[in-house]
Structures are given as structure tokens and as C-alpha cells.
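Here is a quick walk through one model, with a look at its strands, crossovers and a pocket. Have the 3D view open as you read.

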Amino acid sequence: MRILILSQFFEPEPVLMNMAFARALQAQGHEVRVLTGFPNYPGGKIYDGFKTRLIHHETIDGIRITRVPLLPDHSRSKLRRIANYVSFAASASIAGTFSGWRPNVMFVYHPPLTVGLAAWVISLLRGVPFVYNIQDLWPDTLKATGMINNDHMLKFIGAIARFVYSRAAVLLPQSPGFANRLREAGVPDHKIRMLYNWADEAVPSPAATWQRPEALQGKFLVTFAGTMGAGQGLDAVLDSAAMLKESQPNTRLLLIGAGTERARLEDMARLRELTNVVFLPAVPLHKIGGVLHASDALLVYLRDDPLFAITIPSKTQAYLLAGKPIIIGVRGDAADLVMNAQAGMAVPPQDAPALVEAITRLAAMSSAEHASMGAAGKVFYQRELSLTRAVNTILDALGQASVA
């Protein structure tokens, strides 16, 4: 097959859509191309080494990557975020429609929802079916994260989502809960293929090196690595740190990454004199494996919201692959995944005492018990969540779409 990957985000941005995925499709004998934007996530600025232009082509390992212009942004401004999404959708629609190369099928990565509109335009004008990989449920995610609260706007976005779903040949939701929501929205069962995410399998390597800062040497280190936004509910993590400061003086919480809430959280930790909380900036993907392996436990956390009970944060898979005990402060599908893997402990979200109890219990366990949890998670990942397993499911879906 000739496969076009359509995604607003792509390597070198720290996202699931990367060259490893494209190469895995190519390795199965398919011709693969990528249509994406100029990299600017998560900082909202075009990466060094890239310069926005009308269109930019590059070829890596035989895979042609086409980048189209967009308004770079990842701020809290609703207007700028909308402009970011719409500008890419418009550019991608034009580039995909007038490309001299015609794919048999498109693999489309959502979010944002506007990329689905671009896929529909290309599909309509060129007769190319598309498979829609759903990572966020819009408008639910927008409401849960506080991005949009206007009911009329949420209804409008919901109508667009249902329109895109109706035009996709196959939908690939990232969790069982997402699949059920699609059925409730009227999507026929034969169009739905549940697809767990995989991790960047080159990242959590023991060979990756990262030295703990002096403040973390000899401490029981619990690490949260990733976006610090409204959806994460990290205020409760700071509340737990305040309790741990007295009861577990040898424990440290490491919050590493970027996001719209980071500055506020740092200010709060400073005002509360939480010396057991350390903030570090996001590190390159090739170093994050070292951070995970230098930690004693890894934390997944989301705000208590019905949507997040059916969401599986992508760091869950990365943590399982890293082979470290996991504390998961998320209800539902994500917690089920970790508990089925026997890889850690689940706590209710936004429940600081419960998080304190879990950290205290883990800190009291032996290194052999930690190793057993980590090994169980890694085995589960390889068996159920690997890129190889995901690619087989995706290729089946693409094949189904191309003959529909």
C-alpha cells in the first residue's frame, strides 16, 4: 500500500507519531510518506534548525516528510490555539489535495479534531479513504481541561467530531472506554478497532545516561515526567509532598517537563517551602530513559474527571516498558492496565493522603519487590502493547479501509 501519515505533530516533537512508527510500516513493504507541520510542540516556538516556509520536503530513510506552515503556539490563549489548529488543517488540506503523489489510504492522528477535517477534504477531493486514530475525545477533552466551557461551542465541536467519525473508514480509539463512547455516539461497531498506544521503544533504554542532581542523591525518588497542564491535577501531588515532608524525609518528588501549569506549580511549591519537590525542565527524548531508570517509582496522574477514567496517558506505556514500579493516580482504563500488569499501585486521583500512603508503602518495600513489579510491567508491555503488535492492528485497519 501507499500510506500517507497525516499528523499535525511529528518527530522531532516528543509525540507518538515518529520515525520509528513510519519505519515499522515501511518495513512491512509499504511506501510511506508523512504530511505534518513545522515542529513547535510543546514550547509553541519553531524548533532550532527549522524555518517556516510555504512547503518543506525532506527524506529520511526513504520516507518523504512534507512540512506545511502553521501558526506556532501552545499557550493558554484560546484564540491562538484555535489559529494553530486551523492553520495546519488549511495548509495540510491544500498540500494533500495538490500533491503529485496519491496514497491508497491515510493514517490520521487526532488530536486536534481539525486534522480530521483536513483528512476529509483530501479524501473527498482525491478519493483516498482514511483511518482515524483517536487519542483525545473532543469536545470532552476540551471541557475537562478547561480549554472551552461554552456549551454552544462544545455542541458545535461535538457535531464536527461526529461528522469526521462518519467520514472515516475505520476508527482506532486508544482505550476500551473510548471505543464505548464512539458506540454511544452512533458509530457502527464494524468501524471500531481498539488500539492501545505503544511507547517510544528506543527511549527507555538502560544505556541512556542521566545523573541525579545532588539534591536527589540517596533519596527515594518518585518521578512524574510529562506535560504539566490543567488536566494533570498536580496540585494534589504538591499536597502529598507537604505531608511527606515530615513523614518521609528521605523521599523526593521530581516533576520534569513543561506545560501551562508549570510556573504556577513552581510558585506554589516555593511559597509552601516544599523542599522535597524538585522541578526540572523537559529533557530530550534520548535522555528520558535515563531519568526513568534513575527513579525508584514513576507517577502517572490526572485530574478526577469522567473523561480521564477512559483515557490512558501515553506515559503509562513508557513507564511499563521502563521496568519500574508505577503509582497510577487515574481511575478506570489506565489503572486497569497497570493493575492487570501487576506493575504497581493505583490510587484515586486528587486524593493526597492516598498518594502519600502508596509512596510510603513503596518506599518500605525491598529492592527485590521493586524489581519484581518492574519486570512484570515490562513483560506485559512486550506481550500486549508493543509497536509490533500495534502496527499489525493498524495495517489490518488500513487494509480494511483501502478496500471499503
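## Starting at the first strands

In which sense do strand β1 (residues 2-6) and β2 pair, and over how many bridges? The pairing is parallel, and five bridges make it up. If you want a spot to check by eye, take I3: its bridge partner in β2 is V32. Keep in mind that this is a predicted model.

## The seven-stranded sheet

β1 and β2 belong to an open sheet of seven strands. Reading across, the order goes β3-β4-β2-β1-β5-β6-β7, and the pairing is mixed. Neighbouring strands here are turned against each other by 20° on average, if you ignore direction.

Which strands stand at the edges? Those are β3 (56-60) and β7 (170-173). Each has a single partner strand, so one side of each is left without a neighbour in the sheet.

## The second largest pocket

Now for a pocket: the second largest one has a volume of about 250 Å³. Its lining counts 17 residues, and the closest to the pocket centre are H57, T66, A95, G96 and S99. Which elements give two or more residues to this lining? They are β2 (31-37), β4 (63-68), α2 (78-98) and α3 (114-126).

As for chemistry, nine of the lining residues are nonpolar, five are polar and three are charged.

## Around β12

Further along the chain, strand β12 (residues 326-329) is a good place to stop. Its side facing one way carries I326 and I328, while I327 and G329 point the other way. Are these residues buried or exposed? All of them are buried.

β12 pairs with strand β11 (residues 297-301) through four bridges, and the two run parallel. Within that pairing, L298 has I326 of β12 as its bridge partner. β12 also pairs with strand β13 (residues 344-346), again in the parallel sense, over three bridges. There, I327 has M345 in β13 as its bridge partner.

## Two crossovers

How do you get from strand to strand here? Helix α10 (residues 315-322), together with β11 and β12, makes a right-handed β-α-β unit. From β12 the chain then crosses through helix α11 (residues 333-340) to β13, and this β-α-β crossover is right-handed as well.

Note on methods:
Residues numbered from 1 in each chain as written. Predicted model: local features only at pLDDT ≥ 70, side-chain atom pairs only at ≥ 80, totals over all residues. Heavy atoms only, no water. Buried < 20%, exposed > 50% of the residue type's maximum accessible area, 1.4 Å probe, protein only. Pairing = 2+ DSSP bridges. Right-handed = clockwise from strand over helix to strand, strands pointing away. 1 Å grid on protein atoms, 1.4 Å probe; cavity = no way out; pocket = protein on both sides within 12 Å on 5 of 7 lines; lining within 4 Å. Points joined across faces, edges and corners; volume = space filled by probe spheres on them. Nonpolar A, V, L, I, M, F, W, Y, C, P; charged D, E, K, R; others polar. Axes fitted to C-alpha atoms, helices over the stretch in contact; angles between N-to-C directions.
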